[in-house]
Amino acid sequence: MRKAKPKKRVILPDPVFNDVKVSKFVNHLMYDGKKNISYEIFYAALESVKAKMANEERSALEIWKTALDNVTPQVEVKSRRVGGATFQVPTEIRPDRKESISMKNLILYARKRGGKTMADKLAAEIMDAFNEQGGAFKRKEDMHRMAEANRAFAHFRF
């Protein structure tokens, strides 16, 4: 490689929970640099989760982290051309990419949901992911199913 690897940017923890993961999630949630609005949406969603899951002994932040873990894929398929044919090759995912994919999927399926506000939709998706259902969890299951179906091409890994 001629050029040096770009430096990883340091992401500061969020003001309420003092957690870097929350900041990353809010950055994914943000549109047009409106970070304050993203924080408001996220905190409102966690409040809603806390209210709806009052019987749970965990805090809303722990429920959110568990939900993220539940929608985090372990393997993905990548297209690889070998001798004129394109194969879907299952590959392991790097830890930072795993985290990013899970956050993006959770937000994507929250946006697709029906509901009044984004905070309500996000809260509903978080609770579904916590209970191992909903769009984001289904997406992870589909990724794993694809990788399992194409396990025969794992030797094409690059």
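Tutor: Let's begin with a rule for helices: the expected span of a helix is 1.5 Å times one less than its number of residues. Keep in mind that we are reading a predicted model.

Student: How do I use that on H2, and what span should its 18 residues have?

Tutor: By that rule H2 should span 26 Å, and its end C-alpha atoms are 26 Å apart, so the two agree. You can try H5 as well: this helix covers residues 118–130 and reaches 18 Å from its first C-alpha to its last, close to the 18 Å expected.

Student: Which residues of H2 are buried?

Tutor: A residue counts as buried when its relative accessible area is under 20%. In H2 the buried ones include Tyr39, Phe42, Tyr43 and Leu46. Among the elements covering the buried residues of H2 are H1, H3 and H5.

Student: And H5, how many of its 13 residues are buried?

Tutor: The count is 12 of the 13, so H5 is largely enclosed by the rest of the structure. Leu122, Ile126 and Phe130 are among them, and so are Lys121, Glu125 and Asp128. The buried residues of H5 pack against helices H1, H2, H3, H4 and H6. Just after H5, look for Glu132, which takes a positive phi of about 55 degrees.

Student: Could we look at one residue of H5 in detail? What does Glu125 touch?

Tutor: Glu125 lies in helix H5, and with a relative accessible area of 1% it is buried. Leaving aside residues up to four places away in sequence, Glu125 touches Leu106, Tyr109, Ala110, Arg113, Gly134, Gly135 and Ala136. Its side chain reaches the backbone nitrogen of Ala136 at 3.3 Å.

Student: What separates the C-alpha atoms of Glu125 and Trp64?

Tutor: Those two residues are 61 residues apart along the chain, and their C-alpha atoms are separated by 9.9 Å.

Student: Now for rings. How many aromatic pairs does a search of the whole structure find?

Tutor: The search finds 9 aromatic pairs. In one of them, Phe153 and Phe156 have ring centres 6.4 Å apart and planes at 25 degrees. Planes under 30 degrees apart count as stacked, so this pair is stacked.

Student: Is Phe153 buried, exposed or partly exposed, and why?

Tutor: Phe153 has 26% relative accessibility, so it counts as partly exposed.

Student: Which residues do ring pairs link into a cluster?

Tutor: They are Phe17, Phe25, Tyr39, Phe42, Tyr43 and Trp64. You have already met Tyr39, Phe42 and Tyr43 as buried residues of H2.

Technical notes: Residues are numbered from 1 along each chain as its sequence is written. This is a predicted model: local features need pLDDT of at least 70, side-chain atom pairs count only at pLDDT 80 or more; totals for chains, interfaces and linings use all residues. Side-chain values use heavy atoms; hydrogens and water are left out. Helices (H or I, at least four residues) and strands (E, at least two) are DSSP runs, numbered from the N terminus. Buried means under 20% relative accessible area, exposed over 50%, partly exposed in between (1.4 Å probe, protein chains only). Contact means heavy atoms within 4.5 Å. Rings of Phe, Tyr and Trp (its six-membered ring) pair if their centres lie within 6.5 Å; planes under 30 degrees apart count as stacked, over 60 as edge-to-face and the rest as tilted. A polar contact is a pair of N or O atoms within 3.5 Å; within protein, one must be able to donate a hydrogen and the other to accept it, and residues adjacent in sequence count only if both atoms are side-chain atoms.
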